[in-house]
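The following exercises concern strand pairing and charged side chains. Please study the sequence and the structure before reading the solutions.

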Amino acid sequence: MGTSTSAPRAQRDRSMTADGAVIGIDIGGTSISTDLVDLSGSSLFVASCPTGQGPRALEAVLSQVTAAQHAAQTLGVELLGIAILSPGHLDEDHGVVRFASNLGWHDMDLRAHITTAIEAAGTGGAVRVALGHDVRWAGIAEGALGAARGMDDYALVSIGTGIAACLVSGGRVLSGVAGSAGEFGHATVVPGGDLCACGRTGCVDTYASGAALLRRYRELGGERAAADVATLVGSLPEDAVAARVWEEGLEALARGLCTLTLTVDPGTIVFAGGLSRAGEALIGPLRPCWRPSCCGSRRLSWRSPRSGTGQAVRERCCWRSPPPDSGITRRRGTRRP
């Protein structure tokens, strides 16, 4: 699997880890990141490996659970739970990934597979396994500690291998009846456009995600060895194909964001994911597309995620918090005083 790990870190002051630790696994379209995190938020062990597709993706997840479990045993830390962050359409209550196009999963009972693996390893007790939508919990973390702290109406938009959003309205996270709220990456913005992995055509995902930008660059005759989006963005001034792909991707993203804004009217959009690191190259071209007469909210502003609200925080929130539709704030309005 090409797993990359770090050796378990030396046991800290016992008071920091006396309450045990949680395994956090963030499943991305390209790689899986794993942390063993104590309840102070300190990371005791980290690992990563390529994600793969279908059964290989499940095998990769289980291998990461085993590695982190072994680290907990080595450190003598009690394992309290496992938090799994996954993309796609999730049934969080039952721990099932109903559909994740980038992973090739349909009705994947992830909680059951992980529980079976933990029991087979003989940890000596029941371990709680919590499944959460990766982008939704990233949004919750930003609202609790990050760029959207104190806000009751905002959206976190993650643009990586795929595209999705966490939507917060009136202080409540919108999850939807089937847990699919925020999957605007699969909204059609180019009728009759490129085929998407979800089976539809012309989705935001097929033009503006990191995977789509690289794919379209190759298909349209790009000559550079663009292994990542950073290389693609760096070549914009002198590469006409890269400039075209980037422009068309941002146009598709702008259309999707406009629809999202008209639907839930966020006061702020926080960008996350790999493409958020493009900074002004991403935000600058979007501004002219953001006409107040079209998109409604004149209060709309852009933010990047703050440091300190990364994977470990999301995983700890997912494991310890109530379901996302229970609300994360009490006061209504754009920003709490």
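D194 is partly exposed, with a relative accessible area of 23%; buried means under 20%, exposed over 50%, and partly exposed in between (1.4 Å probe, protein chains only). The model is predicted: local features need pLDDT of at least 70, side-chain atom pairs count only at pLDDT 80 or more, and totals for chains, interfaces and linings use all residues. Residues are numbered from 1 along each chain as its sequence is written, and side-chain values use heavy atoms, with hydrogens and water left out.

**Exercise 1.** Determine which side chain meets D194 in a salt bridge.

Solution. A salt bridge is a side-chain nitrogen of Lys or Arg within 4 Å of a carboxyl oxygen of Asp or Glu. Step 1: the partner of D194 is R215, at 3.6 Å from N to O. Step 2: this pair links distant parts of the chain, 21 residues apart, with R215 in helix α6 (residues 210–219) and D194 in the loop between β12 and α5. Helices (H or I, at least four residues) and strands (E, at least two) are DSSP runs, numbered from the N terminus.

**Exercise 2.** Identify the salt bridge between R215 and a residue of its own helix, α6.

Solution. Step 1: R215 also meets E219, at 3.0 Å from N to O. Step 2: the two are separated by about one helical turn, because they lie four residues apart in helix α6. Step 3: E219 is exposed at 55% relative accessible area. Step 4: salt bridges with shared partners join D194, R215, R216, E219, R244 and E248 into one network.
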